[in-house]
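Q: Could you take me on a close look at the central sheet of this model and at what packs around it? I'd enjoy one connected walk-through, with the unusual backbone spots included.

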Amino acid sequence: MNTSESITELLDRLCAIVPDYPQPGISFKDLTPVFADPAGLRRMVDELLTPFEGQFDVVAGLEARGFVLAAAAAYASGTGMLTIRKAGKLPREVYRDEYTLEYGSSCLEIHRDEVAPGTRVLILDDVLATGGTVGSAVRLIEKTGAVVAGVGVVLELDGLNGRDQLNEHRVVSLQLVHS
């Protein structure tokens with residue numbers, strides 16, 4: 001592993017850029033090659049955890065790439081992991097939060113009994129764009145009575161004001177992606 005390489009340089013080196021995905025004019029930065037690289041995955045997870053060290057009890061991941069980050073982060077930090085899923089995927093009683101997207105609406109859910117009130121939860125996801133999905137996850141954690149310790153994302157899309165949806169919560173992003 002190149003220890004002198006910044007996290008931005010590592011992400012630039014390992015991410016695949018997919019032009020015109022999901023629509024023409026968009027260059028999609030695909031993190032799956034970083035997940036597949038052992039040193040890259042470890043570095044990315046370590047960089048997400050370090051700013052929040054000692055400040056969380058459990059890690060929450062958003063479906064689906066957030067699951068990869070949260071599982072690795074939970075293992076690395078010796079904590080548990082919460083899954084925040086798309087509607088209809090969880091078998092027990094849930095809290096549900098609907099949110100709007102630029103092209104419609106969606107819904108996330110978390111089990112009602114998954115986390116004890118007062119538990120400090122670190123939310124992880126791959127991308128922060130408009131803040132709709134991560135904002136929904138924040139509201140779900142708060143509905144359980146748990147406390148949002150912070151939000152960590154790998155990529156933050158510049159100009160979409162996603163942080164504005166997260167109010168007073170601390171957000172750490174590893175790379176700002178200019179659109």
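**A walk around the sheet**

A: Happy to. Let's begin at one pair of residues: glycine 61 sits opposite threonine 83, a residue of β4. Please keep in mind throughout that this is a predicted model. The two strands involved here are β3 and β4 (residues 80-86), which pair in the parallel sense through five bridges.

Now step back to the whole sheet. It is open and built from seven strands, in the order β5-β6-β4-β3-β7-β8-β9, with mixed pairing. At the edges stand β5 (94-101) and β9; each has a single partner strand, so one side of each has no neighbour in the sheet. Going from one strand to the next, the twist averages 20°.

Helices lie against this sheet. Helix α1 lies across β8 and β9, and makes an angle of about 50° with β9. Helix α5 (residues 132-143) also packs on the sheet, where it touches β3, β4, β5, β6 (104-111), β7 and β8. The direction of α5 makes about 155° with that of β5.

What about the nonpolar side chains? The largest nonpolar core has 27 residues, and the members that touch the most others are Leu11, Leu31, Val34, Met44 and Val154. Two or more residues of this core come from each of α1 (7-14), α2 (32-36), α3 (38-49), α4 (65-77), β7 (120-128), β8 (147-157) and β9 (171-177). Apart from this core lies another one, of 24 residues, including Leu82, Tyr99, Leu128 and Val151.

Leucine 11 is a good residue to select in your viewer. Setting aside its neighbours within four places in sequence, leucine 11 is in contact with Lys29, Leu31, Val34, Met44, Val154, Leu155, Leu174 and Gln175. Among these partners, Leu31, Val34, Met44 and Val154 appear with leucine 11 itself in the list of core members that touch the most others.

Let's return to glycine 61, where we started, and follow its contact with another glycine. Glycine 66, a residue of helix α4, touches Gly61, Leu124 and Asp125, not counting residues up to four places away in sequence. Glycine 66 counts as buried because its relative accessibility is 0%. For a sense of distance, the C-alpha atoms of glycine 66 and proline 24 are separated by 25 Å, with their places 42 residues apart along the chain.

Finally, the backbone has some spots you may want to check. In the loop between β3 (58-62) and α4 we find alanine 64, and the peptide bond that leads to alanine 64 from glutamate 63 is cis, with omega near 5°. Another cis peptide bond runs from tyrosine 21 to proline 22, also with omega near 5°. Proline 22 has its place in the loop between β1 (16-19) and β2 (27-30). Aspartate 20 is found in the loop between β1 and β2 too, and its phi is near 55°, a positive value in a residue other than glycine.

A positive phi also turns up at asparagine 161, again a residue other than glycine, with a value near 60°. Asparagine 161 belongs to the loop between β8 and β9. With a relative accessible area of 49%, asparagine 161 is partly exposed, since exposed would require over 50%.

Methods:
Residues are numbered from 1 along each chain as its sequence is written. This is a predicted model: local features need pLDDT of at least 70, side-chain atom pairs count only at pLDDT 80 or more; totals for chains, interfaces and linings use all residues. Side-chain values use heavy atoms; hydrogens and water are left out. A nonpolar core is a set of buried Ala, Val, Leu, Ile, Met, Phe, Trp, Tyr and Cys residues joined through side-chain atoms within 4.5 Å. Buried means under 20% relative accessible area, exposed over 50%, partly exposed in between (1.4 Å probe, protein chains only). Helices (H or I, at least four residues) and strands (E, at least two) are DSSP runs, numbered from the N terminus. Contact means heavy atoms within 4.5 Å. Two strands pair if DSSP finds at least two bridges between them. Axes are lines fitted to C-alpha atoms, for helices over the stretch in contact, and angles run from 0 to 180 degrees between N-to-C directions.
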